[in-house]
Amino acid sequence: MSGDVRQVDLLEREPDDRIRVLDPDGTVVAPDLEPDLAAETLRSMYRDMRFSRRFDERMISLQRQGRLGTYASLAGQEGSQIGSTYALADDDMLSFQYREHGAVAARGMPWEYLLYWMGHEDGNAALAEVEVFPLNISIGGHLPHAVGWAWAAKLKGDERASVVHFGDGATSEGDFHEAMNVAGVFETPTIFFCNNNQWAISIPRERQTASATIAEKAHAYGFEGVQVDGMDPLATYVVTRAAREQAVAGDGNRARPTLIEAIQYRYGAHTTADDPSAYRDDAEVERWRERDPIDRFETYLRNEGVLDDDRIETVEAEIEETIATLVERAEAVEGDPAEMFEYTYAEPTPRLEEQRADLERLRETHGDDALLEDE
Ligand SMILES: Cc1ncc(C[n+]2csc(CCOP(=O)(O)OP(=O)(O)O)c2C)c(N)n1
Ligand SMILES: [Mg+2]
């Protein structure tokens, strides 16, 4: 967390009063909200956004080459993930769904992160060192955990917030409502960060809920909800910063949760296993691309005199090098197939023991290479 920022008074806002600092062409439309961030911090945010977009392209390419498992693309969602994470303290706890690689990048992505996407549990374990919970595929399942963590922090008197990312689809899960309810009653320092990217695989936002906004759901649980332009990194920064102030207010006893609904769009497929042309038009994607978070931020930074062609070239070269190193290190790791039986249960079930023994027999008889051969 760095730089001063004029406080957004969340209590003054109506849930459909969407907060935006930069308009899609990079012009400042709310000077009163513009955060006073150091040039170095702004450039670092820009670098992390560019890194995330490029990382995405490389991961999809690796998946297509059979070098990575199923992958969930983040393109279009960088403003939300990076802006919000920069507003946190380094020891605030971050929990995410599976698409928030940008939030992980803003925490200094450990190289082991790639291992998860290659099927190794070590990828999740490495996240703990940067205060990030393991990623969560079971929709909404991580929200009660994030609230529990926040409650514990409050009881211990720690000034730490728990930020939990989830999608518009997750708001239909019971876990979302239970987590919101407990957060409201026990006033836990939780920031519920909903990445409303308009789709939950093929289900559009309007089929997800009859509420006019997702943000307004917070009112039913007794705390503030706010809509923000999720493709504006400065807006997501100021809103998250304000929510954090409320979360860790005073000695922790006056903590208040907030629900942030960040309006954005996923440009690509849901995952590498999806074909979005089956349920949406390209024209819709193109309309959202006009609000691109990276283009918008780049124009702003050029206008502010903190970015120019030379710096951009340097950033691009650094990113290529960083990603090449990440991939090289991750691909050098040889996994042990027997690990597939670990991590789900503290003690393996009899059925798992049986399957593990079967695998061992197959490996002894045929060797690992034979097991990996195509049929
Ligand atoms: C409990 C549960 N139900 C269903 C699924 C299958 N599923 C995987 S992703 C997804 C959509 C989630 O949409 P959203 O929360 O909007 O997140 P997004 O993928 O758009 O980022 C669903 C239904 C799941 N993983 N977990
Ligand atoms: Mg979604």
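Gly66 sits in the loop that links helix H1 (39-64) to helix H2 (78-86), where helices (H or I, at least four residues) and strands (E, at least two) are DSSP runs numbered from the N terminus. With 7 C-beta neighbours inside 10 Å, Gly66 counts as exposed. The scale runs like this: buried takes 20 or more other C-beta atoms within 10 Å of a residue's own, exposed 12 or fewer, and partly exposed lies in between, with C-beta atoms placed from the backbone. Between the C-alpha atoms of Gly66 and Met118 there are 9.8 Å, though 52 residues separate the two along the chain.

Keep in mind that this is a predicted model: local features need pLDDT of at least 70, side-chain atom pairs count only at pLDDT 80 or more, and totals for chains, interfaces and linings use all residues. Residues are numbered from 1 along each chain as its sequence is written, while chains are lettered from A and ligands numbered from 1 in the order in which they are written.

**Helix H7**
- H7 covers residues 174-186, and its 13 residues at 1.5 Å each should span 18 Å, which agrees with the 18 Å between its end C-alpha atoms; the expected span is 1.5 Å times one less than the number of residues.
- Phe176, Ala179, Met180, Ala183 and Gly184 are the buried residues to look at in H7.
- They take up an arc of only 130 degrees around the axis, so they lie on the same side of H7; the arc is that of the directions from the helix axis to the C-beta atoms.
- Flip to the other side of H7 and you find Gly174 and Val185 exposed.
- Helix H6 (143-156) and strand E3 (190-196) are among what covers the buried residues of H7, with contact meaning C-beta atoms, placed from the backbone, within 7 Å.
- Right after H7 comes Glu187, with a positive phi near 45 degrees.

**Helix H10**
- For H10 (residues 233-247), 15 residues at 1.5 Å each should span 21 Å, and the end C-alpha atoms are indeed 21 Å apart.
- H10 is mostly covered, with 14 of its 15 residues buried.

**Ligand 1**
- Around ligand 1 there are 16 residues, the closest being Ile139, Gly167, Gly169, Ala170 and Ala200; a residue is near a molecule if its C-beta atom, placed from the backbone, lies within 6 Å of it.
- Strand E2 (162-167) and strand E4 (199-200) each put at least two residues into that shell.

**Domains**
- The domain assignment gives domain 1 (10-331) and domain 2 (340-372), with bounds from an automatic or database assignment.
- The centres of domain 1 and domain 2, taken over C-alpha atoms, are 37 Å apart.

Conventions: Two residues are in contact if their C-beta atoms, placed from the backbone, lie within 7 Å.
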